[in-house]
Amino acid sequence: MKFMRAVLLIIFGSILVGLTSNSLGAIGNNIMHLAGIGCLIAAIFIAKSKNDTKRRTKKECDV
């Protein structure tokens, strides 16, 4: 699940970075590029996170 979410964010982020629109103007294109880079960075953090709830042992779940 974590891998699929990261792949979707990578695809969405790369589309936002690569897409340009004349109707948005320069500022709109810069905002779209920043949002795309943010999606790519979020995908990296999701893929690198080690906390997975399915792999916890019984001792870790008991608080």
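The following dialogue examines how the descriptive terms applied to this predicted model are justified.

Trainee: What is the overall confidence of the model, and which helices have the lowest and highest mean pLDDT?

Mentor: The mean pLDDT of the protein is 83, and 79% of its residues reach 70 or more. Among the elements, helix α3 (residues 58-61) has the lowest mean, 59, and helix α2 (residues 25-48) has the highest, 91. Where pLDDT is low, the predicted coordinates should not be read in detail.

Trainee: What makes the pattern of this protein α-α-α?

Mentor: The protein has three helices and zero strands. Read along the sequence, these elements give α-α-α.

Trainee: How do you know that the length of α2 agrees with its number of residues?

Mentor: At 1.5 Å a residue, the 24 residues of α2 should span 34 Å. The end C-alpha atoms of α2 are 35 Å apart, and the two values therefore agree.

Trainee: Why is glycine 13 called buried?

Mentor: Buried requires a relative accessible area under 20%. Glycine 13 has 0%, and is therefore buried. This glycine lies in helix α1 (residues 2-18).

Trainee: Which residues does glycine 13 touch, leaving out those up to four places away in sequence?

Mentor: Glycine 13 touches Gly36, Cys39 and Leu40. Between glycine 13 and alanine 43 the C-alpha distance is 8.9 Å, although they are 30 residues apart in sequence.

Trainee: Why is asparagine 29 also placed in the buried class?

Mentor: The relative accessible area of asparagine 29 is 13%, and the cut-off for buried is under 20%. Asparagine 29 is therefore buried. It lies in helix α2 and, apart from neighbours within four places in sequence, is in contact with Thr20, Ser21 and Leu24.

Trainee: Which residues of α2 are buried, and against what do they pack?

Mentor: The buried residues of α2 are Gly28, Asn29, Met32, Gly36, Cys39 and Ala43. They pack against α1. An α-helix has 3.6 residues a turn, so residues three or four places apart point the same way. Across the protein, 14% of the 63 residues count as buried.

Trainee: Leucine 34 is found in α2 as well. Is it buried or exposed, and how do you know that?

Mentor: Leucine 34 has a relative accessible area of 61%, and exposed means over 50%. Leucine 34 is therefore exposed. Its C-alpha atom is separated by 9.3 Å from that of glycine 13, 21 residues apart along the chain.

Trainee: What makes isoleucine 37 partly exposed?

Mentor: Isoleucine 37, in helix α2, has a relative accessible area of 41%. Partly exposed lies between the cut-offs of 20% and 50%, so isoleucine 37 is partly exposed. Isoleucine 37 and phenylalanine 12 are 25 residues apart in sequence, with their C-alpha atoms 9.9 Å apart in space.

Trainee: Why does leucine 19 count as partly exposed?

Mentor: The relative accessibility of leucine 19 is 42%, which lies between 20% and 50%. Leucine 19 therefore counts as partly exposed. This leucine lies in the loop between α1 and α2.

Trainee: Which residues make the nonpolar surface patch that includes Leu19?

Mentor: Phe3, Val7, Ile11, Ile15 and Leu19 make this patch, of about 480 Å². The protein as a whole exposes about 5400 Å², of which carbon and sulfur atoms supply 67%.

Note on methods:
Residues numbered from 1 in each chain as written. Predicted model: local features only at pLDDT ≥ 70, side-chain atom pairs only at ≥ 80, totals over all residues. Heavy atoms only, no water. pLDDT = per-residue confidence, 0-100. Helix = DSSP H or I, 4+ residues; strand = E, 2+ residues; numbered from the N terminus. Buried < 20%, exposed > 50% of the residue type's maximum accessible area, 1.4 Å probe, protein only. Contact = heavy atoms within 4.5 Å. Patch = residues over 30% accessible without salt bridge, like charges linked within 9 Å, V, L, I, M, F, W, Y side chains within 5 Å. Areas by Shrake-Rupley, 256 points an atom, 1.4 Å probe, with all protein chains shown as cover. Salt bridge = Lys/Arg side-chain N within 4 Å of Asp/Glu carboxyl O. Expected span 1.5 Å × (residues − 1).
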